[in-house]
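User: Could you take a close look at one loop here and then walk me through how the rest of the chain is put together? I'm a first-year student, so plain words would help.

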Amino acid sequence: MLEIPNKLQAQPDVKKKRKWLDSEGRWGLLLVSPYLIHFLVFVVGTSLASLYFSFSDYDILNPPKWTGLDNYEKLFADPLFYQALWNTVYFTLLYVPAKTFLALLLAVALNQKLKGLKLFRMAHFLPVISSWTVIAYVADAVFNQRIGFANAILAHFGIAPQSWLIDEVWVIPVLVLIAIWKSVGYMMIIFLAGLQGISNDMYEAASIDGANAWQKFWRVTVPMISGTTFLVIILNTIYSFQNFEQIFVMTGGSTEAGSTGGANNASLVLMLLMFRQGFSFYKMGYASAIAWVLFLILLAITLVQFKLQKKWVHYD
């Protein structure tokens, strides 16, 4: 009697499992090793070091001494911290919605078929690649108290000149205006990418249903780019909390402002306070505590934004 082979019997796996660190894997690891070393040393390493310093008394010149929660206790009892926190939040509340709306408006306008479209896009993106030193010179030509263009317009109407970057009322709104002008082109490009990903079939279907231009924008465009809008809001929020270079260049060391953070610390934000404590007073432990509090604030805001995005962001 012939024995019929069982075809259902599991056959041995003749394929050799690929080793993770074969020749190709080793080459890949070698090519990314510069970035990995940079990340481990200058990101992970410095973050862990700053976490340790935040629990220590460290002045750069002497070895750190463990002090526990002393830096955090001093921080939460410091009125200057709450003023810097409020200035940062105030900057964010003005900056994020205004920049997001303007970037979307420019993207919609520059998504049309216009003559010289590339020139207009380049003109709006040019301030993005300019340094804050250059932007500060341009802004000074507009908002300088003595020779600025803004005060020249006010004088034409008989209005007294304003100290735009000194006045406690005007300094944050003016800084927000300048920051938007410099960086709105970057977010405009992100919105343009989102707009160009919308199929024309969506707009044709809306036209057949009798939708006008506003209804197409509100019912088709806005929902379809909600994911892009969410990304822009996240990036703008992070930038506004980490804004340092602009405020330092324009009010931190300017002759008009006179002191780091402007008159009466009206433009003192958390990043500037951290810089002042670390590099002016050499309180690196205290500055590290500010950095970690800022990180936790940003983490909490980002988590809340991700939680709320389920109600209005559509990815389908």
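Analyst: Let's start at Ile 60, which is found in the loop between β1 (56–57) and β2 (65–66). Keep in mind that this is a predicted model. What is unusual about the backbone at Ile 60? Its phi is positive, about 75°, although the residue is not a glycine. Most residues other than glycine have a negative phi. As for its surroundings, Ile 60 is partly exposed, with a relative accessible area of 37%.

Another residue has this feature: Tyr 282 also has a positive phi, about 55°, and is not a glycine either. You'll find Tyr 282 in the loop between α12 and α13 (284–308). It counts as partly exposed, because its relative accessible area is 46%, and the cut-offs for that class are 20% and 50%.

Back to the loop we began with, and to the rings around that part of the chain. Ring pairs join Tyr 52, Phe 53, Phe 55, Tyr 58, Trp 66 and Tyr 72 into one cluster. Over the whole structure, a search turns up 22 aromatic pairs. One of them is Trp 214 with Trp 218, which is stacked: the centres are 5.8 Å apart and the planes differ by 10°. Why do these two line up along the chain? They sit four residues apart in helix α9 (residues 213–224), so about one helical turn separates them. Trp 214 is exposed, at 55% relative accessible area, while Trp 218 is partly exposed, at 45%.

Now compare a pair that reaches across the sequence. Phe 244 and Phe 275 form a tilted pair, 5.2 Å centre to centre with 45° between the planes. Phe 244 is in the loop between α10 (226–242) and α11 (245–252), and Phe 275 is in helix α12 (residues 270–280), so this pair ties together parts that are 31 residues apart in sequence. Both rings have some surface showing: Phe 244 is partly exposed at 21%, and Phe 275 is partly exposed at 26%.

Rings can have charged partners, too. The charged end of Lys 99 sits over the ring of Tyr 239, 5.5 Å from its centre. Likewise, the charged end of Lys 182 sits over the ring of Trp 132, at 5.4 Å from the ring centre.

Time to step back and look at the whole chain. It has 13 helices and two strands, and 36% of its 316 residues count as buried. Among contacts between residues at least 6 apart in sequence, 69% join residues at least 24 apart. The chain exposes about 20300 Å², with carbon and sulfur atoms supplying 68% of that.

What does the record say about regions of the chain? An unreviewed UniProt entry lists "transmembrane region" for residues 27–55, 89–110, 122–139, 170–195, 216–239 and 284–304. Two of these are worth a peek in the model. Residues 284–304 are 100% helix and 0% strand, with end C-alpha atoms 30 Å apart. Residues 122–139 are 67% helix and 0% strand, and there the end C-alpha atoms are 20 Å apart.

On the inside, the largest nonpolar core has 59 residues, and those with the most contacts within it are Phe 91, Tyr 95, Leu 175, Ile 178, Phe 191, Met 250 and Leu 273. Helix α7 (residues 171–195) gives the largest share of this core, 15 residues. Take Leu 175: leaving aside neighbours within four places in sequence, its contacts are Phe 91, Leu 165, Gln 246, Ile 247, Met 250, Thr 251 and Ser 267.

Phe 191 turns up again when you look around Ile 225, a residue in the loop between α9 and α10. Ile 225 counts as buried, at 1% relative accessibility. Its C-alpha atom is 7.7 Å from that of Phe 191, although the two are 34 residues apart along the chain. Beyond its neighbours within four places in sequence, Ile 225 is in contact with Leu 104, Phe 191, Gly 194, Leu 195 and Ile 198.

One last stop is Thr 229, which lies in helix α10. Buried or exposed? Thr 229 counts as buried, because its relative accessibility is 15%. Not counting residues up to four places away in sequence, Thr 229 touches Thr 100, Phe 191 and Trp 312.

Technical notes:
Residues numbered from 1 in each chain as written. Predicted model: local features only at pLDDT ≥ 70, side-chain atom pairs only at ≥ 80, totals over all residues. Heavy atoms only, no water. Phe/Tyr/Trp six-rings, centres within 6.5 Å; stacked < 30°, edge-to-face > 60°. Buried < 20%, exposed > 50% of the residue type's maximum accessible area, 1.4 Å probe, protein only. Lys NZ or Arg CZ within 6 Å of the ring centre and 35° of its normal. Contact = heavy atoms within 4.5 Å. Areas by Shrake-Rupley, 256 points an atom, 1.4 Å probe, with all protein chains shown as cover. UniProt positions renumbered as here; feature names shortened; annotations may be inferred. Core = buried A, V, L, I, M, F, W, Y, C linked by side-chain atoms within 4.5 Å.
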